[in-house]
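Please open the model in your viewer and keep the sequence panel beside it. The tour below goes from one selection to the next and says what to look for at each stop.

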Amino acid sequence: MSFRKEKKYSLTYSDQKILKSILFGKGMKELYPSRKINSCYFDTQNLALFQDSEEGVLPRKKVRIRWYEDENKSNKEIKISSVEGRYKIVENFLNLNSLKKNYALNLVDNEYGVLRPSLIVSYDREYYSLSGLRITFDNNIKYTDLRSMTKRKYRDYDCVMEVKTSIDISDDSIEKIIKYPTARFSKYSRGILIADRLM
């Protein structure tokens, strides 16, 4: 397992345009073509994973199935936050068609027990690199609440920039390149909170 550092920046669309211009001026380059990402998050009936995330419990995890609009494959991903840092476990997921048919496929987790599909998050991601940093911009973020009978859909009117790098890179080094305040931005938590607020 390899630990990594993640920093997130909550942006309005106008903030994003300004920040992109600044970073392009510093030499930011496109790393990959942009693509649409879909993630189906799983949780217990009483949303124990969501609650742990909101309370900042360590260790904690998020469990999701992720697929890309232009690829006929999907992965099961477990994102773990621990005292030592963050890491991700990824394995091929072969039942995407079954999952998408009615979103009734359950998973079993050693710590949390039975997990049910709770939320789909879809967004467009752009990939860049700058001075050893991997930078992504996520736009057009949409949520589908799988807990409701009608599978209600919501839009997030903010976007997010994420910086991912080795755990060895200091925060000061990142802040010298990106002079913008970080913010908590969990798409899963935001989606659940937005859905519950608009119920």
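In which loop is Tyr 103 found? Select this residue in what is a predicted model, and you will see that Tyr 103 sits in the loop between α3 (96–102) and β6 (107–109). Its phi is near 50°, a positive value in a residue other than glycine. Most residues other than glycine have a negative phi. Tyr 103 counts as buried because its relative accessibility is 18%, and the cut-off for buried is under 20%.

**The whole chain**

Now zoom out and colour the protein chain by secondary structure, which shows five helices and ten strands. Taken along the principal axes, the C-alpha atoms fill a box of roughly 45 × 35 × 35 Å. The radius of gyration is 17 Å, which agrees with the value near 16 Å that a compact globule of 199 residues would have. Of these 199 residues, 49% are buried, and the chain exposes about 10900 Å², of which carbon and sulfur atoms supply 49%. Among contacts between residues at least 6 apart in sequence, 67% join residues at least 24 apart. If you colour by charge, the chain has 38 positive and 27 negative charges, and their mean positions are 3 Å apart.

**Around helix α2**

Select Leu 47 next, in the loop between β2 (29–43) and α2. Although Leu 47 is not a glycine, its phi is positive, at about 60°, and Leu 47 counts as buried because its relative accessibility is 10%. Continue into α2 (48–55), where the buried residues are Ala 48, Leu 49, Phe 50, Asp 52 and Ser 53. To see what covers these buried residues, display β2, β3, β7 (113–130) and α5 (187–197), which are among the elements that do so.

Just after α2, stop at Gly 56, which takes a positive phi of about 70°. A little further along, look at the peptide bond that joins Leu 58 and Pro 59: this bond is cis, with omega about -5°. Most peptide bonds are trans. Pro 59 itself lies in the loop between α2 and β3 (60–68).

**Into strands β3 and β4**

Move on to Lys 62 in strand β3. Is Lys 62 buried or exposed? Lys 62 is buried, because its relative accessible area is 18% and the limit is under 20%. Show its surroundings and, leaving out residues up to four places away in sequence, you will find that Lys 62 touches Tyr 41, Leu 49, Ser 53, Glu 77, Ile 78, Lys 79 and Ser 186. Two of these names, Leu 49 and Ser 53, also appear among the buried residues of α2. For a distance across the model, pick the C-alpha atoms of Lys 62 and Tyr 157, which are 23 Å apart in space and 95 residues apart in sequence.

From there select Asn 75 in strand β4 (residues 74–81). With a relative accessible area of 17%, Asn 75 is buried. Setting aside neighbours within four places in sequence, Asn 75 is in contact with Arg 64, Ile 65, Arg 66, Val 90, Glu 91, Asn 92 and Phe 93.

**Helix α1 and Leu 23**

Turn to helix α1 (residues 13–25) and select Leu 23, which counts as buried at 0% relative accessibility. Which residues does Leu 23 touch, not counting residues up to four places away in sequence? They are Met 28, Leu 130, Ile 135, Phe 137, Met 161, Ile 177 and Ile 178. Ile 177 is 154 residues from Leu 23 in sequence, yet their C-alpha atoms are 8.3 Å apart in space.

**Cysteines**

Finish by selecting Cys 40 and Cys 159. Cys 40 counts as buried at 0% relative accessibility, and Cys 159 is likewise buried, with a relative accessible area of 0%. A disulfide is a covalent bond between the sulfur atoms of two cysteines. By the rule that a disulfide is a pair of cysteine sulfur atoms within 2.5 Å, the count in this model comes to zero.

Technical notes:
Residues numbered from 1 in each chain as written. Predicted model: local features only at pLDDT ≥ 70, side-chain atom pairs only at ≥ 80, totals over all residues. Heavy atoms only, no water. Helix = DSSP H or I, 4+ residues; strand = E, 2+ residues; numbered from the N terminus. Rg over C-alpha atoms; globule rule 2.2 N^0.38 Å. Buried < 20%, exposed > 50% of the residue type's maximum accessible area, 1.4 Å probe, protein only. Contact = heavy atoms within 4.5 Å. Areas by Shrake-Rupley, 256 points an atom, 1.4 Å probe, with all protein chains shown as cover. Lys, Arg positive; Asp, Glu negative; His and termini not counted. Charge placed at Lys NZ, Arg CZ, Asp CG, Glu CD.
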